[in-house]
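This briefing addresses the chain as a whole, one of its strands, and the surroundings of the ligand. Please consult the sequence and the structure alongside the text.

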Amino acid sequence: MLIKRKQGWELPERQAAPEGLYLDRRRLVQAMGLGLAASAAGLALPRAVLADDKAADPTAHLYPARRDDRFGAPSPVTPERLPITYNNYYEFGTDKSIWRAAQKLDIRPWTIKVSGKVEKPFEIGFDELIAKLPIEERVYRHRCVETWSMIVPWSGFSMKSLVEFCKPAGNPKYVAMKTLHKPSVMFEQKDPLWPWPYTEGLAMDEAMHDLTFIATGLYGKPIVKQNGAPLRLVVPWKYGFKSVKAIVSIEFTDKRPVSFWEALQDNEYGFWANVNPAVPHPRWSQATEKPLGSDERIPTQIYNGYGEFVASLYTNRKSEKLFM
Ligand code: MTE
């Protein structure tokens with residue numbers, strides 16, 4: 001998902017889109033191969049990256065959380081080293097190896113601002129918020145629009161419980177969420193050509209669906225910075241770019257939010273972005289996916305396998321571009 005003409009292999013700005021399209025096949029395989037080879041070799045990663053230093057995080061005692069398998073227990077779970085070293089987080093760089101750069105982000109104190117159509121706008125610290133909402137663990141499939149995928153155990157709370165905590169008023173139609181804006185650390189935010197801060201949104205019925213999740217943990221520990229600490233959205237039936245990381249702003253509104261990628265290239269990245277193998281991206285097929293750590297591509301499923309739970313959300317929205 002690159003935009004700029006930094007290197008020869010990148011496409012021009014007007015063709016902004018996910019990284020897969022900028023890397024020719026050999027480079028993509030090489031890039032992935034590097035990450036996977038490092039993992040396979042068991043290279044030592046800093047403790048902070050593996051998030052195994054319970055003393056360092058004031059919420060560490062909350063993990064592992066009780067498992068909730070209501071929406072299934074997909075397998076095989078991706079080995080932990082892969083999702084924490086192969087990331088999309090454009091604030092820290094445009095390749096997949098941003099995990100080192102992300103360690104510079106300070107996640108305490110962390111304040112979340114709640115605004116818009118609510119009974120009363122407020123701000124709350126992350127540690128105070130997490131103490132108020134019961135956390136649980138859910139194993140979800142994740143499907144990136146670039147066609148890689150993973151299965152990971154997130155911990156956190158339902159988006160529904162967060163919405164109720166925020167007390168929306170006057171029937172807002174959408175909820176918009178934004179990532180922290182801190183160009184001194186998130187150095188790509190210095191680039192004015194990109195529509196920072198990273199923004200995403202959901203229709204209210206999507207936000208209130210029990211499947212929609214706010215992750216504060218991963219693999220039974222506090223979530224690591226490269227995966228969106230201290231809190232990120234997880235919407236497993238949509239392409240991964242909907243799952244905004246490092247949230248500092250939640251706004252309830254009647255105006256449909258324009259997301260980061262939509263602002264860059266709306267004919268390729270729409271608001272709904274539901275996974276559908278039958279609807280290709282304008283420049284590549286979405287029929288199959290490559291699980292991290294696997295050599296084989298597997299078929300992609302409609303709504304990423306969650307259709308029985310979420311398809312009914314869209315029966316009255318057939319005129320919309322639901323799958324891109
Ligand atoms: N959130 C922010 N703030 N910045 C990003 O670049 N990338 C998105 C999403 N959330 C992104 C983001 C994309 S394209 C994907 S696929 C997922 O995060 C990747 O999440 P992961 O790194 O935990 O696998």
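Helices and strands are taken here as DSSP runs, numbered from the N terminus, with at least four residues for a helix and at least two for a strand. On that basis, Trp196 belongs to the loop that connects strand 6 (174-179) with strand 7 (199-203). The model is a predicted one. Its chain holds eight helices and 13 strands.

**Overall chain**

- The chain has 324 residues, and 58% of them are buried.
- Of the contacts between residues at least 6 apart in sequence, 71% link residues at least 24 apart.
- About 13900 Å² of the chain is exposed, and 54% of this area comes from carbon and sulfur atoms.

**Nonpolar core**

- The largest nonpolar core contains 87 residues, among which Trp110 and Trp154 touch the most other members. Strand 5 (residues 148-158) contributes the largest share of this core, with five residues.
- In soluble globular proteins, nonpolar side chains tend to be buried together.
- With residues up to four places away in sequence set aside, the contacts of Trp154 include the nonpolar residues Phe213, Leu218, Ile223 and Val234. Charged residues also touch Trp154, among them Glu136, Glu137, Arg138 and Arg232.

**Strand 5 and its partners**

- Strand 5 is mostly covered, as 11 of its 11 residues are buried.
- Strand 4 (residues 136-143) and strand 5 run antiparallel and are joined by eight bridges. Within this pairing, Arg143 has Ser149 of strand 5 as its bridge partner.
- The hairpin of strand 4 and strand 5 has four residues between the strands, and Thr147 in this hairpin adopts a positive phi near 90 degrees.
- Strand 12 (residues 288-291) runs parallel to strand 5, with two bridges between them. Here Ser149 is placed opposite Pro291.
- Strand 8 (residues 213-218) runs antiparallel to strand 5 and is joined to it by five bridges. Ser158 is found opposite Phe213 of strand 8.
- Ser158 itself lies in strand 5. Its relative accessible area is 14%, and Ser158 is therefore buried, given that the cut-off for burial is under 20%.
- Beyond its neighbours within four places in sequence, Ser158 contacts Arg138, Asp210, Thr212 and Phe213.

**Ligand surroundings**

- There are 19 residues around the ligand, and those that come nearest are Tyr90, Glu91, Thr179, Ser243 and Lys245.
- Backbone atoms approach oxygen atoms of the ligand at two residues: a polar backbone atom of Tyr90 is 2.8 Å from a ligand oxygen, and a backbone N or O atom of Asn88 is 3.3 Å from a ligand oxygen.
- At Thr179 the side chain is involved, with one of its N or O atoms 2.8 Å from a nitrogen atom of the ligand. On its own the ligand has 530 Å² of accessible area, and the protein covers 100% of it.

**Thr179**

- Thr179 is located in strand 6.
- With a relative accessible area of 2%, Thr179 is buried, because the limit for this class is under 20%.
- A polar atom of the Thr179 side chain is 2.6 Å from the backbone oxygen of Lys245.
- Apart from residues up to four places away in sequence, Thr179 touches Glu91, Met186, Pro197, Tyr198, Val244, Lys245, Ala246 and Val248. Of these, Glu91 and Lys245 are also among the residues that come nearest to the ligand.

**Trp196**

- Trp196 has a relative accessibility of 12% and so counts as buried.
- Between Trp196 and Thr179 there are 8.5 Å from C-alpha to C-alpha, at a sequence separation of 17 residues.
- The side chain of Trp196 has a polar atom 3.1 Å from the backbone oxygen of Glu188, and the side chain also reaches the backbone oxygen of Asp191 at 3.3 Å.
- Besides Glu188 and Asp191, residues in contact with Trp196 include Tyr90, Glu91, His181, Gln189 and Phe260, with residues up to four places away in sequence not counted.
- Tyr90 and Glu91 are also among the residues that come nearest to the ligand.

Technical notes
Residues numbered from 1 in each chain as written. Predicted model: local features only at pLDDT ≥ 70, side-chain atom pairs only at ≥ 80, totals over all residues. Heavy atoms only, no water. Core = buried A, V, L, I, M, F, W, Y, C linked by side-chain atoms within 4.5 Å. Buried < 20%, exposed > 50% of the residue type's maximum accessible area, 1.4 Å probe, protein only. Contact = heavy atoms within 4.5 Å. Near = heavy atom within 4 Å. Polar contact = N/O pair within 3.5 Å; in protein donor to acceptor, adjacent residues only side chain to side chain. Areas by Shrake-Rupley, 256 points an atom, 1.4 Å probe, with all protein chains shown as cover. Pairing = 2+ DSSP bridges.
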